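User: I'd like to learn how to read the features of a protein model. Could you walk me through this one, step by step?

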Amino acid sequence: FYLNDCPDPWASYFPPNRLFLLLVPPDILNEDTSGDMSISEGENATMLCKAAGHPTPRITWKREDGQPILVRKGLRDYSKVEVYNGSNMHFWRLDRRQMGAYLCIASNDIPPAVSKRISLSV
């Protein structure tokens, strides 16, 4: 924001005509983020995680138990990832090995990072 946009009494604290960067730590938007899910085996599912902050938060996912996340690559093939990046985590044709608690983690280098636990039952 520019000083001219600053309401009084803040204007007296800053030199005129200077640009200031407002830094805001991440905050998970619960109304736009998935809750616990129960999905039948073989069905598809998507976990959503949305966060606000400035700079814009990065979203990563981890399993709460520390095990790798299984990402289906074909009918029988999976890859294992320690961290999944992105606000939407898609599961195609779920199987029981993917059941568990997942952590949606929002971070933007402004402490603290925040997380939400989402349980997936299959």
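Analyst: Happy to! Let's begin with one pair of charged residues: the side chains of Glu64 and Arg117 form a salt bridge, with N and O 3.0 Å apart. Keep in mind that this is a predicted model.

User: Where in the chain do Glu64 and Arg117 lie?

Analyst: Glu64 is in the loop between E5 and E6, while Arg117 belongs to strand E11 (residues 114-121). The two are 53 residues apart, so this salt bridge links distant parts of the chain. As for accessibility, Glu64 is partly exposed at 42%, and Arg117 is partly exposed at 45%.

User: How many salt bridges does the whole structure have?

Analyst: A search of the whole structure gives 5. Another one of them pairs Arg96 with Glu41, whose closest N and O atoms are 3.5 Å apart. Arg96 sits in the loop between strand E9 (88-91) and E10, and Glu41 in the loop between E2 and E3, so this pair ties together parts that are 55 residues apart in sequence.

User: Are Arg96 and Glu41 buried or exposed?

Analyst: To read this, compare the relative accessible area with the cut-offs: buried is under 20%, exposed is over 50%, and partly exposed is in between. Arg96 has 51%, so Arg96 is exposed. Glu41 has 45%, so Glu41 counts as partly exposed.

User: Which residues does Glu41 touch, leaving out those up to four places away in sequence?

Analyst: Glu41 touches Leu94, Asp95, Arg96 and Val122. Sequence distance and spatial distance are worth reading side by side here: Glu41 and Asp95 are 54 residues apart in sequence, yet their C-alpha atoms are 5.1 Å apart in space. The loop that holds Glu41 runs between strand E2 (37-38) and strand E3 (45-48). The side chains of Glu41 and Arg96 are also joined by a polar contact of 3.5 Å.

User: With which residue does Asp95 form a salt bridge?

Analyst: The partner is Arg97, and the N to O distance between the two side chains is 3.0 Å. Asp95 is buried, with a relative accessible area of 12%, whereas Arg97 is exposed at 51%.

User: Let's move to the covalent link. Which cysteines form the disulfide?

Analyst: The structure holds 1 disulfide, and it joins Cys49 to Cys104 with an S to S distance of 1.6 Å. Cys49 lies in the loop between E3 and strand E4 (51-54) and Cys104 in strand E10 (residues 100-107), so the disulfide ties together parts that are 55 residues apart in sequence.

User: What is the handedness of the disulfide, and why?

Analyst: Look at the torsion about the S-S bond: for Cys49 and Cys104 it is about -40°, so the disulfide is left-handed. Cys49 is buried, with a relative accessible area of 0%, and Cys104 is buried with 0% as well.

User: Now the overall fold. How many helices and strands are there?

Analyst: The chain has 0 helices and 11 strands. Read from the N terminus, its elements are β-β-β-β-β-β-β-β-β-β-β.

User: What should I look for when strands form a sheet?

Analyst: Strands of a sheet pair through backbone hydrogen bonds, and the pairing is either parallel or antiparallel. In this model, an open sheet of 5 strands follows the order E2-E11-E10-E5-E8, with mixed pairing. E2 and strand E8 (84-85) are the edge strands, each pairing on one side only. Inside that order, strand E5 (residues 58-63) pairs with E10 in the antiparallel sense over 6 bridges. One example is Ile59, whose bridge partner in E10 is Ala106.

User: In what sense do E6 and E7 pair?

Analyst: Strand E6 (residues 69-72) and strand E7 (residues 78-81) pair in the antiparallel sense over 4 bridges. A hairpin joins them through 5 residues, and Ile69 stands opposite Val81 in E7.

User: Last step: which numbers describe the chain as a whole?

Analyst: Of the 122 residues in the chain, 34% are buried. The chain exposes about 7800 Å², and carbon and sulfur atoms supply 52% of that area. Among contacts with a separation of 6 or more, 57% are between residues 24 or more positions apart.

Terms used
Residues are numbered from 1 along each chain as its sequence is written. This is a predicted model: local features need pLDDT of at least 70, side-chain atom pairs count only at pLDDT 80 or more; totals for chains, interfaces and linings use all residues. Side-chain values use heavy atoms; hydrogens and water are left out. Contact means heavy atoms within 4.5 Å. A polar contact is a pair of N or O atoms within 3.5 Å; within protein, one must be able to donate a hydrogen and the other to accept it, and residues adjacent in sequence count only if both atoms are side-chain atoms. Buried means under 20% relative accessible area, exposed over 50%, partly exposed in between (1.4 Å probe, protein chains only). Accessible areas come from the Shrake-Rupley method with a 1.4 Å probe; for residues, only the protein chains shown count as cover. Two strands pair if DSSP finds at least two bridges between them. A disulfide is a pair of cysteine sulfur atoms within 2.5 Å. A salt bridge is a side-chain nitrogen of Lys or Arg within 4 Å of a carboxyl oxygen of Asp or Glu.
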